[in-house]
Amino acid sequence: LKRAKLIDQLLASDDYARHWARFWRDVVTARLTQRRSMGLTRSFEAWLHERLRAGDDWGAITRAILTAEGELRFSLNTPSAENGSLFFLVAHDGPEAEERAAETSRVFLGIQIQCAQCHDHPTEHWKRTQFHDFAAYFARIKYDQLFDNSKLSGVQLVRLNDAEHKVQDLKNPDKFSLASPRFLDGQAAAEKLADRERRQALAHAVTNPDNFWFAAAYVNRVWNELMGYSFYPHVDDLGPLKPVRLPEVLTALVGSFQASGYDTRALIRTIANSAAYQRQLAPNSAPPNLAPLLGARSKRLRPDVLWDSLVHVFGKIEPGARFHTGGGVRFNASFVEGRFRAEFDFDPSLDVEEVNGTLPQTLFLMNNATINKHLPVTRTSVLGRLLREHADDRAAIAQLYRLTLARQPTEREQARCTSYIAEAATRDEAFADLLWALINSTEFQRTR
């Protein structure tokens, strides 16, 4: 009962909306091809945060993204959520219709149809005509840049009232045919629709309660984030011919998600209250198909979550903390945070086994001056308060492990830490060293 209440409390918090807004920002931006759009990601994240905090369901959010229009401006200060939904459609450049079709299918349906752009899919039943009929939904919009006094200030979608999607003949490259909007299930859009109505028809088809793949794609991603493995071999590559793990569980969760009206909180509440999620983390080396539902698997933390973990350990990372580069330039902690997020960034659609640490990441955590500046014990630091509250070393060690790794130390770890403290010059220095070792451990960088 206490755990269920805590789950409800967390789902009602602003942190819930902020966390998942960042997650979907990363899903979309990891594969973008229009690099100039990167400056608009904060507006997209702010928009997602607002929608999730307001309780919008995943169907409403998806429809808003696919039918977005207008313009989106760069912001150097606090990003505006206004029209942030437009980001998805302006994050890809030419050939725009093909890019948007492929990403719409991958992100919202979990189906990768891009291989059918040039030929029938070699291993799936998707045909080249299906891909281009799907791309035809996006034929009447065009990405364009906005300038103020010759300076790039934003982007916009321009409507092309009479444009149609042209498909090149494979045998005669000089010959083209026109594709008509048709969803992947074979249902055609009405004829003579303007751009707005075309994309509304697409959004309706994607989020239709009878569309299993829309619900399955979301369920599969959320399960992967919470449990450390997905129902399919690849989290963004579903389909009727793909092997599926625990099909009964997937079907039950999809049905529940559909029945709730795509309520994102309800889905997470169901998974988080399950016995499988609440069991101890399974070893990361154990393939989940050998022990279904034994427990969640540890996986690498995304950069936002890892940075928040550091802030949790240190209390906060002071903006005034500075360091010198080789060229003598000084940067503050906000710059370090940006560097940190960029260094530890990875595509959340990758499999757990594909997301490994790198040498630059290791060196960043070990040697960064701004981070290391917060290790010494001070009167106001989290570690300083911890040591004042726990005069007994064993109790202080246990509290330090709970702070950093969210668990108690083993007896072996207690013994090694106690021995190190006894040999150190001072207690403060010893605990600062222990804190450094813990935040540089592999365990600190993974779900726990």
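Here is a walk through the sheet, the aromatic pairs and the cysteines of this structure. Keep in mind that the model is predicted.

Let's start with the sheet. It's an open one of 3 strands, ordered β1-β3-β2, and the pairing is antiparallel. That leaves β1 (71-73) and β2 (141-148) as the edge strands, each with pairing on one side only. Going from one strand to the next, the twist averages 20°. If you want to see how β1 is held, look at β3 (residues 151-159): the two run antiparallel and 3 bridges join them. For a concrete spot to click on, take Glu71, whose bridge partner in β3 is Gln156. There's a helix to add to this picture, too. Helix α6 (residues 96-109) packs on the sheet, where it touches β2 and β3, and its direction makes about 110° with that of β2.

Now for the aromatics, with a count of 20 aromatic pairs. A good one to pick out is Trp24 with Tyr218, a stacked pair with 5.6 Å centre to centre and 10° between the planes. In sequence these two are 194 residues apart, with Trp24 in helix α2 (residues 14-29) and Tyr218 in helix α9 (residues 212-227), so the pair links distant parts of the chain. Are these rings buried or exposed? Trp24 counts as buried, at 3% relative accessibility, and Tyr218 is buried as well, at 2%.

Compare that geometry with Phe344 and Phe364, which form an edge-to-face pair: 6.2 Å centre to centre, with 90° between the planes. Phe344 sits in the loop between α14 (333-343) and α15 (359-367) while Phe364 is in helix α15, so the pair ties together parts 20 residues apart in sequence. Both Phe344 and Phe364 are buried.

Back to Trp24 and Tyr218, since they have company. Both belong to one aromatic cluster, whose members also include Trp20, Phe23, Trp58, Phe88 and Phe108. Phe214, Phe257 and Tyr262 are in that cluster too.

Finally, the cysteines. How many disulfides are there? The count comes to 0. Take Cys115: its nearest cysteine sulfur belongs to Cys118 and is 9.1 Å away. A disulfide needs the sulfur atoms within 2.5 Å, so a pair at that distance doesn't qualify. As for surroundings, Cys115 is partly exposed, with a relative accessible area of 37%, whereas Cys417 is buried, at 8%.

Methods. Residues are numbered from 1 along each chain as its sequence is written. This is a predicted model: local features need pLDDT of at least 70, side-chain atom pairs count only at pLDDT 80 or more; totals for chains, interfaces and linings use all residues. Side-chain values use heavy atoms; hydrogens and water are left out. Buried means under 20% relative accessible area, exposed over 50%, partly exposed in between (1.4 Å probe, protein chains only). Rings of Phe, Tyr and Trp (its six-membered ring) pair if their centres lie within 6.5 Å; planes under 30 degrees apart count as stacked, over 60 as edge-to-face and the rest as tilted. Helices (H or I, at least four residues) and strands (E, at least two) are DSSP runs, numbered from the N terminus. Two strands pair if DSSP finds at least two bridges between them. Axes are lines fitted to C-alpha atoms, for helices over the stretch in contact, and angles run from 0 to 180 degrees between N-to-C directions. Contact means heavy atoms within 4.5 Å.
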